Amino acid sequence: MAHSGTQNRLVRWVDHRLPVFTFMAHELNEYPTPKNLNYWWNFGSLAGVMLVIMIATGIVLAMQYTPHVTMAFDSVERIMRDVNYGWLLRYIHMNGASFFFIVTYTHLFRGLYYGSYKTPRELLWMLGVVILLLMMATAFMGYVLPWGQMSYWGATVITNLFSAIPIVGDSIVTWLWGGFAVGNPTLNRFFSLHYLLPFVIVGVVMLHLVALHQHGSNNPLGIDRKGPQDSIPFHPYYTIKDMFGLGVFLLFFAAMIFFWPNALGDSQNYVEANPLQTPPEIVPEWYFLPFYAILRSVPDLWFIPAKLAGVLALFGSIGLLFVLPWLDRSRVRSARFRPIYKWCFWLLVLDALALGYVGAHRPEGFYIVLGRVATLYYYFHFLILLPLLGKFERPLPLPISISAAVLASHARPAAASVGKA
Amino acid sequence: MRTIIAAAGVVAALVASAPFGFAQEQEMPTPPRQAWTFDGPFGSFDRASAQRGFQIYAEVCSQCHSMKLVHYGDMGPSGPGGGLGFTEDQVKAIAAQPLVNGKQVTDGPDEEGNMFQRPARPSDALVAPFDNDKQATALYGAVPPDLSVIVKARAGGLDSIFGTRGPDYVYALLRGYTDPPADFKPSSATANYNEYFPGHQIAMPPPLTADRVTYADGTQATLDQESYDIVNFLAWAAEPNLEARHRTGVAVILFLLALVGVLYAAKRRIWAKVHNAEHAGAD
């Protein structure tokens, strides 16, 4: 048996027929991992933990929630007041959505910086983009469930996007709503899908992990492992590092849950949905703000009306991520060895933050200009900069191997002190 | 690790600053942040004040505003978060006494199939001044907002980290009926000028004035005192489990700090083998 050590006869008996123990030993224990992963590599496992937390709290919340337009708001408040520790479950779930996006976006930008999407990890990356899309759909529908003002009007605005589709748009929107406005059928199907999609995400996460374990993790140097001297077993080295990172992450998460549980939400969502009264501002949750800014930044383009153009730009912004492995023509993965790309990466981060800032404000004056510039730059980065950089950027020389680079970085301080002496 | 913390700081600052923009866009004075006893990780309710606040709700606000999520029994010892400090008997007496709106609970149908009126019991929600939204509109011209979670539903909500919070806003609004500027043109005869209400025109006439209520505990009922008391009551009503949340939170943070310490030590120890091997190789 591959799993060394265990002499338990029952384990051996099971493993001979159903090799789960061998599988776990192989994928968790012996799984060779680059020895030089930094703390940015913690965010993948953090996202996995968040998914589990969201599903666990969500299942319990669903036992107390009523998906009906006249009862949904009150049932959530009942969870907050009368269900034992209902306030805790609900605040974990509510803030969990935000923290899930924080870790996922960090994970995504880590992939961008270190070129984790490049060959042979293109499908691994694309599965990640699929997970992101599923997360966005799940989060959007979950936000509708408490049936507050922002739930209702957010649902109205976002489902109305589909009316931009020529000819069949309006029919599609009616079909999505199950009626002629967002109403009880909409709430019911959103609840159903909000319960379903997380399990679809679990499925895609499995594929994401299969693809990951095929070639193993990328690393900060972006070069392949050349042999056993470049690797360490996942357990115990990265299990303990992931656990330590999880502890630090939970400190921040707990602080928000217990001391500022509503700070990331919109106070308007504590007003029950009222189809006759539009709130002064309709704003999505913070994690959708950059996309909301792109949606609202696009003017009429030739024959395409602004609404359709905005929707296309919005979906295009994620579509670009999907085809990113073929847009970035550089063979060097890590931005550490790409002097120009490194700057472009940080500009893209700034650009995303600027889009988020624009998304939180009414599209007036300065915000329109900034939104358009930032949207254009986003497309410029992926469609023009990346292909050109692949051609014209001169990367720095790559280290021979991971272990050679690690040794050099440890030797450097010693050499410096010798020089001083 | 340092870069991660720095990046988190930048993002947190940006997210936290976003709500400021909205307040400025409306060109309204920002209600100042007040110090409340329920602020911060160790905050708890000022129960004496919140009980006086309930008196104000019962004698003034309930004329027009419902609080349909709050039950009389919530204020007793078996209520969420341990209640508002009233005893079981006090709660029974409070429920039996009609609010200033004089409404009773509509119950039924009885054995003849008829609905009937009866005094409230601790298990009932606070009796609303109107039977439905249509009646409210007929009576007041619009539906007065339900006050159950009002401090979570206004301004930055209950716990915006930097901006104005709901309790600050309600406190400012109640004290914000100042003399209108000379160029103030009310859009209707019933509009009242309020410094802090968006657009400055509020349908609600000034609800509180000095000595609007007489406190049983002898507290001087100034406008400031009344506003402070009603906000404390509304904050309790909006988040009755706040104290349990704070207590649990402090325990969880302390536990996590200890856990992180242990995990860090374990991580250092396990990785020492790898680092030692590297240093040995480097030499």
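**Exercise 1. Locate Pro109(B) in chain B and characterise the peptide bond that precedes it.**

Solution. Pro109(B) sits in the loop that runs between strand E1 (105-107) and strand E2 (116-118) of chain B. The next step is the backbone geometry: the bond joining Gly108(B) and Pro109(B) is a cis peptide bond, with omega about 0 degrees. These values, like those in the exercises below, come from a predicted model.

A second cis peptide bond can be treated in the same manner: this one joins His235(A) and Pro236(A), and its omega is about 10 degrees. Pro236(A), however, has its place in helix H10 of chain A.

**Exercise 2. For Ile167(A) and His200(B), state the phi angle and decide whether each residue is buried, partly exposed or exposed.**

Solution. Begin with Ile167(A), whose phi is near 65 degrees, a positive value in a residue other than glycine. Ile167(A) lies in the loop between helix H7 (149-160) and helix H8 (169-177) of chain A. Because 7 other C-beta atoms lie within 10 Å and a residue is exposed at 12 or fewer, Ile167(A) is exposed.

Turn then to His200(B), which is not a glycine and yet has a positive phi of about 70 degrees. His200(B) is found in the loop between strand E3 (192-193) and strand E4 (201-202) of chain B. With 19 C-beta neighbours inside 10 Å, His200(B) counts as partly exposed, since the buried class starts at 20.

**Exercise 3. Describe the surroundings of Gly359(A), a residue of helix H14 in chain A.**

Solution. Helix H14 covers residues 339-359 of chain A, and Gly359(A) belongs to it. Counting neighbours gives 25 other C-beta atoms within 10 Å, so Gly359(A) is buried. Once residues up to four places away in sequence are set aside, Gly359(A) touches Leu289(A), Pro290(A), Tyr292(A) and Ala293(A). As for Arg296(A), the C-alpha to C-alpha distance from Gly359(A) is 8.2 Å, although 63 residues separate the two in sequence.

**Exercise 4. Analyse the side of chain A that touches chain B, by helix and by residue class.**

Solution. The contact involves 44 residues of chain A and 45 residues of chain B. Helix H4 (72-81), helix H10 (234-259), H14 and helix H16 (402-420) of chain A each supply at least two residues of the side that touches chain B. The most comes from H10(A), with 14 residues. Sorted by class, this side of chain A has 29 nonpolar, seven polar and eight charged residues.

**Exercise 5. Identify the residues with the most contacts inside the largest nonpolar core, and the helix that gives the most to this core.**

Solution. The largest nonpolar core has 85 residues, and Met50(A), Phe100(A) and Val103(A) have the most contacts inside it. Helix H5 (residues 86-114) of chain A gives the most to this core, with 12 residues. Apart from its neighbours within four places in sequence, Met50(A) is in contact with Gly96(A), Phe99(A), Phe100(A) and Val103(A). A second, separate core of 50 residues includes Tyr270(A), Phe38(B), Leu158(B) and Tyr169(B).

**Exercise 6. Assess the overall compactness of chain A and the confidence of its prediction.**

Solution. Chain A has 16 helices and two strands. Its radius of gyration is 24 Å, close to the 22 Å that the globule rule gives for 421 residues, so chain A is as compact as a globular protein of that length. The pLDDT of chain A averages 94, and 96% of the residues score at least 70. Over residues 414-421 of chain A, however, the pLDDT is below 50, and this stretch has one contact in the model beyond near neighbours in sequence.

Notes: Residues numbered from 1 in each chain as written. Chains lettered and ligands numbered in written order. Predicted model: local features only at pLDDT ≥ 70, side-chain atom pairs only at ≥ 80, totals over all residues. Helix = DSSP H or I, 4+ residues; strand = E, 2+ residues; numbered from the N terminus. Contact = placed C-beta atoms within 7 Å. Nonpolar A, V, L, I, M, F, W, Y, C, P; charged D, E, K, R; others polar. Core = buried A, V, L, I, M, F, W, Y, C linked by C-beta atoms within 7 Å. Rg over C-alpha atoms; globule rule 2.2 N^0.38 Å. pLDDT = per-residue confidence, 0-100.
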